[in-house]
Amino acid sequence: MDFAIAEEDKMAVESLKRCVEAEVLPLTKGKCDKAFSPELAHQLMSILNPYGIGAGWLPEDGGGMGLSYMTSGMLYGELARLAPDVAGLAYVSEGAAMKIYRRGTAEQKARYLPGMAEGRIIGCGAVTEPGTGSNVRQLRTRAVRDGEGWRLSGEKMFISNATVADISTVLARTGENEFGIFILDRSVHKFESGELEKLGLNGWSFGSITLDNVYIGDEFRLGDGTSGLSEAMSGFERARAWVAVISSGIARAALDDAIRYATERDQFGVPIATHQLVQQLLADMACETEAMQLLTYKALAALDAGGRCDLPTSMAKVYASEAAVRVASRAIQVHGACGVTREFPVERHFRNARMLTIPDGTTQINQLIIGRELTEIPAFLGAAGRKTKPRSAAA
Ligand SMILES: Cc1cc2nc3c(=O)[nH]c(=O)nc-3n(C[C@H](O)[C@H](O)[C@H](O)COP(=O)(O)OP(=O)(O)OC[C@H]3O[C@@H](n4cnc5c(N)ncnc54)[C@H](O)[C@@H]3O)c2cc1C
C-alpha cells in the first residue's frame with residue numbers, strides 16, 4: 001500500500017489552490033449567504049475549468065480531461081477546503097455531463113458535451129421530489145408519450161444547481177415500474193425553478209424545478225426511457241464519494257482554523273494550545289480528519305478500479321459526513337464564544353458540514369447499504385419487509 005501522493009497531483013493541487021485564492025475567493029467574498037447568480041456560477045465554472053474542475057471526469061473523447069477519480073478527488077478536496085459551495089456546484093454539473101456521456105446519443109453528446117467540457121453549460125440531476133426522497137421508486141413525476149415526444153409533469157425538490165443549471169437530467173416515471181431520464185434544457189423547454197433557503201453551503205444553488213405538462217421531444221430522452229432508475233442509482237456511488245471528498249475538505253478547514261486560533265489566543269497567561277484539554281480537542285479532530293481522508297481515498301481508488309463499489313463509497317460517505325460535523329463542532333469549542341459568531345469562519349464550517357449527512361443517500365440509507373453488503377440482507381423496509389433469511393439461518 002502506497003500512501004505517497006504523486007508529484008504531478010501535488011502540483012495540480014497547488015496550481016488549483018493559487019487559482020482559487022487569486023480568482024475565485026475575491027469573486028465569492030460576501031456572496032456565499034445566498035445562491036450564486038447564474039452569471040457568477042458560470043464565471044466560476046469557466047475560471048476553474050482549466051484546473052480540472054467541472055469536466056475532469058469526462059473522458060478525453062467526450063472533450064474532458066479524463067482525470068482519475070483519485071486526482072480529481074484531491075483537486076476537489078482542496079477546492080472544498082477553500083470554497084465548498086463552489087465544489088458543490090461543480091461536482092453536480094460533472095455528474096450530469098457523465099450521464100450524457102454514458103447514455104447520450106451522438107447528437108446529444110455533440111449538443112451538450114463541448115459546452116459542459118468548457119464550463120459554459122452547467123448541469124444538474126433532478127431525482128428527489130417533495131414526497132420522494134430516500135425511496136426513489138416512489139417518485140411521481142410522470143413522462144407520458146405525446147406523438148413524437150413526451151409530456152412531463154411533476155415537481156422536483158432539493159435539487160442542487162436548480163436555478164443556475166442550463167440543463168437538468170430529470171428522472172421520471174414512464175410506466176408502472178419503468179423510469180426514464182430526460183434532458184430538460186432551459187433554452188428550449190419552459191419550466192419554473194426556485195431557490196430554497198437552507199442552513200449552510202448557501203452559495204450552492206438548491207431548489208425546486210416545476211414541470212407543468214412540459215413538452216419534451218424524443219431527442220431529449222436519455223437512454224431507453226425504461227431503465228433510468230438503474231442509471232441514476234449507479235451515479236450515486238460516485239456522488240457519495242464526492243460528498244465524502246467535500247466533507248473532508250470542510251473538516252480540514254475547520255482543523256486548520258482551530259490550530260491557528262489555539263496557538264494565538266491566550267488564557268491563564270499562555271496560548272490555549274498549551275492546555276492539554278485543548279490539545280485533546282485538536283488531536284481528536286486531526287484523527288477523525290485523517291480517517292475520513294483515508295476512507296475517501298479508498299472509495300476513490302475503488303471508483304478508479306471500475307465496477308460496483310457500494311461498500312467503500314457508502315462507508316466513506318457515512319463516516320466523512322458525520323465526522324466532519326463533529327470536527328467542525330470541536331473547532332467551535334476551541335474558539336469559545338468567538339466560534340459561534342459570524343466573525344469567525346468555524347460556525348460556517350459547522351453549518352456547511354451539517355448539510356452533507358443528507359444528500360446522495362442519508363446516513364441511515366448508506367448504513368443500510370453497508371449492512372446489505374455485509375449480510376446480503378436488504379433491510380430498507382425494516383423488519384416487516386424482510387423476505388430473506390439471515391446468512392447464518394440460511395446456511
Ligand atoms: C445539500 C443537498 C443537496 C441535494 N442535492 C440533490 C440533487 O442534486 N438532486 C436530487 O435529486 N436530490 C438532491 N438532494 C435531496 C436528497 O437526495 C434527499 O434529501 C435525500 O435523498 C433524503 O430524502 P428526504 O430529504 O426526502 O428524506 P426522507 O427520505 O423523507 O428521510 C427522512 C428521514 O428518514 C430516514 N429514513 C428514510 N427511509 C429510511 C429507512 N428505510 N430506514 C431508516 N431510516 C430511513 C432518513 O435517513 C431521514 O433521516 C439534496 C439534498 C441536500 C441536503
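1. How much area does the chain expose, and what share of it do carbon and sulfur atoms supply? The chain exposes about 18,200 Å², with 53% supplied by carbon and sulfur atoms. Areas come from the Shrake-Rupley method with a 1.4 Å probe.

2. This is a predicted model: local features need pLDDT of at least 70, side-chain atom pairs count only at pLDDT 80 or more, and totals for chains, interfaces and linings use all residues. Residues are numbered from 1 along each chain as its sequence is written, and side-chain values use heavy atoms, leaving out hydrogens and water.

3. The chain has eleven helices and ten strands. These are DSSP runs numbered from the N terminus: helices are H or I, at least four residues; strands are E, at least two. Buried residues (under 20% relative accessible area, 1.4 Å probe, protein chains only) make up 52% of the 395 residues.

4. Aromatic pairs number nine. Rings of Phe, Tyr and Trp (its six-membered ring) pair if their centres lie within 6.5 Å; planes under 30 degrees apart are stacked, over 60 edge-to-face, the rest tilted. Trp-57 and Tyr-69 have ring centres 6.0 Å apart and planes at 65 degrees, so this pair is edge-to-face. Trp-57 lies in the loop between helix H2 (38–48) and helix H3 (69–82), and Tyr-69 in helix H3, so the pair ties together parts twelve residues apart in sequence.

5. Trp-57 also pairs edge-to-face with Trp-242, at 4.7 Å centre to centre and 70 degrees between the planes. Trp-242 lies in helix H6 (residues 228–264), so this pair ties together parts 185 residues apart in sequence. Both Trp-57 and Trp-242 are buried. Ring pairs link Trp-57, Tyr-69, Tyr-76 and Trp-242 into a cluster.

Conventions
Buried < 20%, exposed > 50% of the residue type's maximum accessible area, 1.4 Å probe, protein only.
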